[in-house]
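This report looks at charged side-chain pairs and at one helix. Please keep the sequence and the structure side by side while reading.

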Amino acid sequence: MSTTTTNRSRTKGDVDSSFMDGAFELAERGRGATSPNPVVGAVIVKDGEIVGAGYHERYGGPHAEGNALAQAGASASGATLYVTLEPCSISGKTPPCTDAIVAAGIARTVVPVLDPNPRVSGRGVSILREAGVEVELGLMREQARTLNAPYFKYRSTGLPFTTLKLALSLDGRIAPPPGGPRWTSSAASRELVHRMRAKADCVMVGIGTVLADDPLLPVRAAEAGRQRAGGGRAAGGGSPEAGVLQPARLVLDTHLRIPCDSAIVSGARGVRTIVACCDSVDPSRRTILENAGVTVWRSAAPDGTLDLTFVLRRAAEEGLISVLSEGGAAVASSLLQRGLVDRVAFFVAPRLYGAGGTPAFGSLDESWWSGLRGFENGRWTEIGGDGLFEADVVGSDTEPV
């Protein structure tokens, strides 16, 4: 991030965009540690030089504006504040940022987008303007909404932003025939998945994946790029990477078949672990899991199935607003069929598994693609010999961000 503006011929808009880019870069450093709060970055500029910068580092900690103001000190007086989301105007775990901005003597604030929280939306900007602070609103608005897509999704629908990640063969299989290779995707792709987990609040799988693979779903220190900084997101510190900020683990298990000696249950006291089941499961089975440190959510669907919308809404209500679903086939098809996927990340490996492999979308019927659902903003990236397809899902049943 540049600390000065040296090209005098640049327009005011160019200069503002450059400093806002720096605020976006800072905001990303808090990814995965601030939920259910948004990620926010702030830069304070005076006479063309950055005098203060900060970001929201963890839930419950100081906000980006407060960190930037603390660094700027007296230099904040008469300066311009660039912040990636409307400053908060309510007291929570920290005092209102608007009060601190006014007290510091900030002369101008550049804000790309209003906070969708109805308790804040528009109020922060109004307070600043009434106090004599010039506020410019709307610069790089869409980029700001993309930066906090999970937060905007939660505030508009009550649901988390859900990414469906799958490793596929060229013929659309997510698992090989018996005796096939252990991994479908490359080592480079699997390393990237760890980074994706590190940015998510929750990793979700179905019981079929647990029974077939007995996964632990960890974030390794080498790929996390971030250590736990007390009081952040859901509990971490368990095996195998003590001290690494771990996402919560959510297992969709209608009939509560998860083995008590599975890796996920065995590590439940070190990492937040949730199993969602139907309401009619054996209470004694629930008690055994709860005694092992597992949180059990019961879905009271009248037909005895698991209500995925209920589960995801419960996740968002408990602060898990960014969900990475890692399969398997039944979960992937059900999420897509119900319009509950916001983004896909498909790692396509140069393999053919044939009829003996497990199809990725066996239960996805024609109503999905005939119902104006599809992908947009798609892109392909080469990762260790695999092709990674990433795209936004459009035409979901929930209100778009």
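The text below takes up the salt bridges, then the pairs that join strands, and then a single helix with its two ends.

**Salt bridges**

The model discussed here is a predicted one, and a search across the whole of it finds 13 salt bridges. Three of the pairs are set out in the table, each with the separation of its nitrogen and oxygen atoms.

| Basic residue | Acidic residue | N to O distance |
|---|---|---|
| Arginine 31 | Glutamate 28 | 2.9 Å |
| Arginine 343 | Aspartate 392 | 2.7 Å |
| Arginine 379 | Glutamate 390 | 3.1 Å |

In the pair formed by glutamate 28 and arginine 31, the glutamate counts as partly exposed because its relative accessibility is 36%, whereas arginine 31, at 15%, counts as buried. Salt bridges also link several residues into a network, which consists of Asp16, Arg108, Glu134 and Glu136.

**Pairs between strands**

Which parts does the salt bridge between aspartate 392 and arginine 343 tie together? Aspartate 392 belongs to strand β16, which covers residues 386–394, and arginine 343 belongs to strand β13, which covers residues 343–348, so the pair ties together parts that lie 49 residues apart in sequence. With a relative accessible area of 22%, aspartate 392 is partly exposed.

Strand β16 also holds glutamate 390, while its partner arginine 379 sits in strand β15 (residues 374–383), and this pair therefore ties together parts that are 11 residues apart in sequence. Here arginine 379, at 48% relative accessibility, counts as partly exposed, and glutamate 390, with a relative accessible area of 14%, is buried.

**Helix α12 and its ends**

Helix α12 runs over residues 308–317, and its buried residues are Leu308, Val311, Leu312, Ala315 and Ala316. Because these residues cover an arc of only 135° around the axis, they are on the same side of α12.

What caps the N-terminal end of α12? Aspartate 307 does, with a side-chain oxygen that lies 3.1 Å from the backbone nitrogen of threonine 309. Just after the helix, glycine 319 adopts a positive phi of about 90°.

Taken together, strand β16 contributes aspartate 392 to a pair with arginine 343 of β13 and glutamate 390 to a pair with arginine 379 of β15, while α12 has its N-terminal end capped by aspartate 307.

Definitions and conventions: Residues are numbered from 1 along each chain as its sequence is written. This is a predicted model: local features need pLDDT of at least 70, side-chain atom pairs count only at pLDDT 80 or more; totals for chains, interfaces and linings use all residues. Side-chain values use heavy atoms; hydrogens and water are left out. A salt bridge is a side-chain nitrogen of Lys or Arg within 4 Å of a carboxyl oxygen of Asp or Glu. Buried means under 20% relative accessible area, exposed over 50%, partly exposed in between (1.4 Å probe, protein chains only). Helices (H or I, at least four residues) and strands (E, at least two) are DSSP runs, numbered from the N terminus. The arc is that of the directions from the helix axis to the C-beta atoms. A polar contact is a pair of N or O atoms within 3.5 Å; within protein, one must be able to donate a hydrogen and the other to accept it, and residues adjacent in sequence count only if both atoms are side-chain atoms.
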